[in-house]
Amino acid sequence: MGEMEEVDIDHITTDIPSHKCPVVCESASHACIDRENNPLTGPVFKNPVCKVYRFQTVDSKWMLVREQMEECTLSFSIPKQLLSLYIQEDMSRVQDLRELGELSPHWDNLRKEVMTRYGGIINSYQETLAELDKITGRSFKPSCCKAQKSLEFIPINLHTQRMRVTCPRKTDAFYDIVTVGAPAAHFQGFKCGGLQRLLSRYEAEKKSFSTAYQCIYYSPEHTAKAQEVLSTVSLLQPLITSLADQLLQAAQEHSSPGLRDALKNLSDKTEQFVHTLKDELVKSALLALHAARPGYVSKNQKQTPVQGGQHQGHIHQGSDQNQSPVQGLPGHSPATSVTESTAVCNNVDGSQTTTRDGGPKHQDSIPHHKEYDEEEWDRVWANVAKCLNCVIAMVDKLQEEDNSRQEPVPEQQLADVITSHNPGDWREQLRPPVTRLKECVMEVVEKAKRAMTFVLLQEAACSIPQGFFLQQRRDVVFSQALAALACGFVMRLYAGMQDKGFLRQLHLVGLVAQFESLLSTYSEEIGMLEDMEVGISDLQRVVFQITEAKTDDLSDLQPLVCGRRDHFTVEVPLPRLVFQTLPEEIKGGKPLRVFPVLFNVGINEQQTIAERFGDISLQERINQRNFEMLEAYYKSLSEKVPLECLPCFQTQTDIKELLETLGQNVVTKKKKNVEILWIAGTICRRLNGIRFTSCKSAKDRTSMSVTLEQCALLRDEHQLSKDFFIRALDCMRREGCRIENVQKNIRCRKYAFNMLQLMAFPKCYRPPEGTYGKVDS
């Protein structure tokens, strides 16, 4: 086979008898071919294993097939970066809690308890990160280590696999897939189920916790909103300050175009800042925080002394402030309660305050004998927009004055006129309104930050300790899922650098990432599937950005993660020469979206038990929900991207028709309906998507699925002879990359199946004789 690589593929003879087994050869030189031709593979993919086959086509010619499996450095680098970000975020949360200021004894004790919990998580994550830093040279976690505490953030058995097909008189074709163990918290176990079940139970119980801790109940949507406000204002405040300084710099340079551009950017970001804070959650949280201060008493108590020390709560309706503070900016809506159902919450002083589902109604109150101004937030919030209007007015005035001085004069005289003006005039006139704008933004940030921190304090206080355990579990699962997604995205990007249609699709719509799962819905695996469902769904919070690498050094080409739990960005650096070939939108830093979808069909003996005696509703719900998401993605894609951008396949079945067939299969009551997986995988490839396949450890069932998919592609796209299909399938399973994967994981060249288990498998998922036997996995 090594000699055959050097001859013209068109001259390969067909003198091998048809009854002979397909030829297989392992060669290190083959493994290096793709790496030498593509310098981008070096930074992320390593330790290649390559197998080469020769299979007969229907017209009695021969195709050359190369399998190449590689490890991915992102298996460790992404989780380590995430751990650092988790630690940084939680330390910032602790600091925010400290900066809440003085609280009543009740709230102060809750704050201390929450800070202690955060401290425990921070210490645990720091220990895990220290253990991971000690590991050198490894780039994948074998399945036998899936429940190891120090490696719980690392994805199980993450590998990429590429099949390259060379046929006579045809261009080479590539088919990529990422294999990874189902993202799940194996160390924490599945005795009580996985994340999906645990989170549902937790939200149902949290309302009773809030009563016990005298906290306000906030829904997951309100908690997410609080995190979003914190994240957005923290991002926009330094950006607005920087843009304001750029405006002053343009004024100093007496540059009208620079002044206009700087003003436009400043206006856009400031309006975004104001819109972010147009939320009643901020206002109601400020009132709740005020009521938690020491010495809080209601206004009614101040005006009407009560005998016997009894405190009467007084409810006061806030005035309607729906008038827009600035032309072009929306007004602040009247105060409303957080949710709908009425409840009674205990105040710090023992009085009771009527709320609606936990959101405190407005009440006049006085901290330390000073009456609280309910409309203060409206004024502070509106002042930002008013200050921006002052800046805009001043810029307009300066430019009008400058234009009035200009008369048609020769170019040299015009330069002399501009030079004669004091370049500091504009800057000095602009400085006061710009300074006031920055001060107002800072004031709003401080108030909003305290308000949202108090929301998160209450959410954390009423979720002790279960909420913190669930957050840790979710962090673990998300870390594994993100490492796999980043690996798949980088692989797909590297493969599509020369495909203009793909790059157009990438920045206009984004990519679909299709996760195929073979987990059963019985026993521990149902908990794994519940973890995986949440982990894959959380990937919707991730965007990618392509950046220009500082140098071509391998260390500068490693993807970087930034952000916080509610939103992460993965930056993928490319060498300068490669980066320059990209569309302007991508080079400009446009966030690139990924749409994760998950389809699951259990195929083992445990799934047989689930279908006969158990419950498969989780699988049915997952498949139905993700089918709808895939359908929505295709609709968006077809509206924004011409179909010519999509890859061409020999099978001419329309994507819309494939989606209809998939929809029918999803609702059909059929045992082990693996056609769902086949059709979903086909649609993913037709949509330029990223393919993932998983089972518990990405070793045995995953190997059966990957090899079946590869042979199906050879049959459908490259005319593999039907007489060769089964022999090719058995050959890949016996001698190919997947049996090498088994060897890497458990030091044994046998799939971990016994005959009883295989009897429950669909026939096409059964390995050839002599390649299986029950072993510890």
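Start by selecting R564, which is buried, with 18% relative accessible area; the cut-off for that label is under 20%. Now add D566: its side chain meets that of R564 in a salt bridge, 3.9 Å from N to O. Keep in mind as you click around that this is a predicted model.

**Colour by confidence**

Before going further, colour the chain by pLDDT. The protein averages 83, and 80% of the residues score at least 70. Select residues 1-21 next: here the pLDDT is below 50, and the stretch has 37 contacts in the model beyond near neighbours in sequence. Then pick residues 303-370, where pLDDT also stays under 50. For that segment the model has 155 contacts beyond four places in sequence.

**More salt bridges**

Back to charged pairs. How many salt bridges does the count come to? It comes to 35.

Select R691 and E516 and look at the closest N and O atoms, which are 3.1 Å apart in this salt bridge. The pair links distant parts of the chain, since R691 belongs to strand β16 (residues 690-694) and E516 to strand β11 (residues 511-517), with their positions 175 residues apart. Buried or exposed, R691 and E516? Both R691 and E516 are buried.

Now go to K699 and D700. This salt bridge has its closest N and O atoms 2.5 Å apart. K699 has 0% relative accessibility, so it counts as buried. D700 counts as buried too, at 8%. While you're on salt bridges, select E89, D90, R93, D475 and R565 together: salt bridges with shared partners join these residues into one network.

**Q161 and its surroundings**

Select Q161 and show everything around it. Q161 sits in strand β4, which covers residues 159-166. Its relative accessibility is 0%, so Q161 counts as buried. Turn on the side chain of E67 as well, and you'll find a polar contact of 3.1 Å joining it to the side chain of Q161.

Which residues is Q161 in contact with, leaving aside its neighbours within four places in sequence? Highlight these to see them:

- E67, Q68 and M69 are among them.
- Y175, D176 and I177 are on the list as well.
- M491, V706, Q710, C737 and R738 complete the set.

**M532 in its helix**

Next stop: M532, in helix α14 (residues 524-538). M532 counts as buried because its relative accessibility is 0%. Put a distance label between the C-alpha atoms of M532 and A481: they are separated by 8.1 Å, while the residues are 51 apart along the chain. Not counting residues up to four places away in sequence, M532 touches A182, P183, F515, S517, L519, L598 and S694.

**Rings**

Switch to showing aromatic side chains. The count of aromatic pairs comes to 14. Zoom in on W62 and F724: their ring centres are 5.9 Å apart and their planes are at 85°, so this pair is edge-to-face. W62 lies in strand β3 (residues 62-72) and F724 in helix α22 (residues 722-735), so the pair ties together parts that are 662 residues apart in sequence. W62 counts as buried at 3% relative accessibility, and F724 is buried with a relative accessible area of 1%.

Now select F595 and Y633. This aromatic pair is tilted, with 5.2 Å centre to centre and 55° between the planes. Here again distant parts of the chain are linked: F595 is in strand β15 (residues 592-600), Y633 is in helix α18 (residues 617-640), and they are 38 residues apart. F595 counts as partly exposed at 21% relative accessibility, whereas Y633 is buried, with a relative accessible area of 3%.

For a group view, select Y86, Y125, F153, F478 and F568, which form one aromatic cluster.

**Charges over rings**

Two last selections. With R492 and F502 on screen, look for the charged end of R492 sitting over the ring of F502, 4.1 Å from its centre. Then show K744 and F140: the charged end of K744 sits over the ring of F140, 4.7 Å from the ring's centre.

Key:
Residues are numbered from 1 along each chain as its sequence is written. Side-chain values use heavy atoms; hydrogens and water are left out. Helices (H or I, at least four residues) and strands (E, at least two) are DSSP runs, numbered from the N terminus. Buried means under 20% relative accessible area, exposed over 50%, partly exposed in between (1.4 Å probe, protein chains only). A polar contact is a pair of N or O atoms within 3.5 Å; within protein, one must be able to donate a hydrogen and the other to accept it, and residues adjacent in sequence count only if both atoms are side-chain atoms. Contact means heavy atoms within 4.5 Å. pLDDT is the predictor's confidence in each residue, from 0 to 100. A salt bridge is a side-chain nitrogen of Lys or Arg within 4 Å of a carboxyl oxygen of Asp or Glu. Rings of Phe, Tyr and Trp (its six-membered ring) pair if their centres lie within 6.5 Å; planes under 30 degrees apart count as stacked, over 60 as edge-to-face and the rest as tilted. A charge sits over a ring if NZ of Lys or CZ of Arg is within 6 Å of the ring centre and within 35 degrees of the ring normal.
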